[in-house]
Amino acid sequence: MCNSHSTIEGQYDEYREELIAAGMLIPSGVSGVYGLSGTFEGIIEAFERYISRQGAPLKPEVMRFPPILNRQTYLSTDHIETMPDLMGSIHTFKGSQREHITMVNKKEDGEDWTTELAPADVMMVPAACYPLYPTAANTVLPEEGRIVDLRAFVFRHEPSPDPARMQIFRQREFVRLGTPQQAKEHRDYWLKKGQEILKSVGLPVKAELANDPFFGRGGRVMAATQQEQELKFELVVPIASNEKLTAISSSNCHLDHFGKEFNITTQDGNHAHTACIGFGLERITLALLKTHGFDLKQWPDEVKAVLEL
Ligand code: ZN
């Protein structure tokens, strides 16, 4: 085997081009940023309704936040310390008329005009549950804790030829805030439930112990600790490549990290523990298209029945 398709990059290029040729992804000229076809979006919507039906018995509070986050909230998480290479900061122009002319001249001369920009009050959301925690700051949780259903576009600056590695994508999450026991139960419940849900739509997922992509040398230590404490699991399937599997869902225990940071407490006066399960909606759709093909009419009847397609 010596053709380009035998390499991982070749497999990414091949599947991405197939998706674009079929009109499923609409390229933007930037790696990992796409428009989506009506068919693609329709699958996301159907899968989300399925998730809603599955989550309904837990009677979650439903909250929806925009893809931008208060800059102060961002700084209250440790994202800038742990994953600075993935952040997205929003900048805008706040200058005078003279500075405006300078900026436009720089643009026309092909110089770096972005030096004239200043930070806005917002950052891109790095994870769907981040906007939730400040809304619970300085509160005491009810005895049963809280379960919150979230969905948001999240941004990660990791341009890639892999169609499954988008720079901006949606996560559907269920977050539990409560005692250490409640948080762990939530994680364990959804790790099992998540596998059932994904298998029921024909995806051959398996669970893997994982770690976040922490930055730098200190990050390697954090990643090892996270693995050792079994805080993060991912559900993985083949998408563009059969060798390198793709995570389509992840479940995370944050211990009392957010409870401490935002002073969220339980009835016994201790800092709350939190845990979340996230479903990557674009990746799940890509996995469904890879597994069952681009023609929805040809999908297995039981999958169409489960998704009410
Ligand atoms: Zn989360």
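Here are some friendly notes on the model, from its overall layout to single residues.

1. Before the details, a word on the basis: this is a predicted model, in which local features need pLDDT of at least 70 and side-chain atom pairs count only at pLDDT 80 or more, while totals for chains, interfaces and linings use all residues. Residues are numbered from 1 along each chain as its sequence is written, and side-chain values use heavy atoms, with hydrogens and water left out.

2. Let's begin with the domains. The chain divides into domain 1 (38–88 + 126–307) and domain 2 (90–123), with bounds that come from an automatic or database domain assignment. Taken over C-alpha atoms, the centres of the two domains are 35 Å apart. Eight residues of domain 1 are in contact with seven residues of domain 2, where contact means heavy atoms within 4.5 Å.

3. The zinc site deserves a look. Its protein donors are Cys 129 (SG), Glu 173 (OE), Glu 173 (OE) and Cys 276 (SG), at 2.3 to 2.6 Å from the ion. Donors here are N, O and S atoms within 2.8 Å of the metal (3.2 Å for Na, K and Ca), and sites may look incomplete because water is not among the atoms. Cys 129, in the loop between strand S6 (118–124) and strand S7 (146–155), and Glu 173, in strand S8 (residues 168–178), are 44 residues apart and link distant parts of the chain. Helices (H or I, at least four residues) and strands (E, at least two) are DSSP runs, numbered from the N terminus.

4. On the geometry of that site, the angles among the four donor atoms run from 52 to 125°, and the site is irregular. For comparison, four donors count as tetrahedral if all angles lie between 85 and 135 degrees; four count as square planar and six as octahedral if opposite donors are over 155 degrees apart and all others between 65 and 115; anything else is irregular. The donor residues follow the spacing C-x43-E-x102-C. Both Cys 129 and Glu 173 are buried; buried means under 20% relative accessible area, exposed over 50%, and partly exposed in between (1.4 Å probe, protein chains only).

5. Now for helix H6. Its 21 residues (180–200) should span 30 Å at 1.5 Å a residue, and the end C-alpha atoms are indeed 30 Å apart; the expected span is 1.5 Å times one less than the number of residues. Buried residues in H6 include His 186, Arg 187, Trp 190, Leu 191 and Gly 194. After the helix comes Gly 202, with a positive phi near 85°.

6. Arg 187, in helix H6, merits a closer inspection. With a relative accessible area of 6%, Arg 187 is buried. A polar atom of its side chain lies 3.5 Å from the backbone oxygen of Leu 231. Not counting residues up to four places away in sequence, Arg 187 touches several others, among them Glu 230, Phe 233, Ser 251 and Ala 275.

7. Ser 251 sits in strand S11 (residues 246–255) and counts as buried at 1% relative accessibility. Leaving aside residues up to four places away in sequence, Ser 251 touches partners including Arg 187, Leu 191 and the zinc donor Cys 276.

8. Finally, Thr 179 lies in the loop between S8 and H6 and is partly exposed, at 24% relative accessibility. Thr 179 touches Thr 266 and His 273, not counting residues up to four places away in sequence.

Conventions. A polar contact is a pair of N or O atoms within 3.5 Å; within protein, one must be able to donate a hydrogen and the other to accept it, and residues adjacent in sequence count only if both atoms are side-chain atoms.
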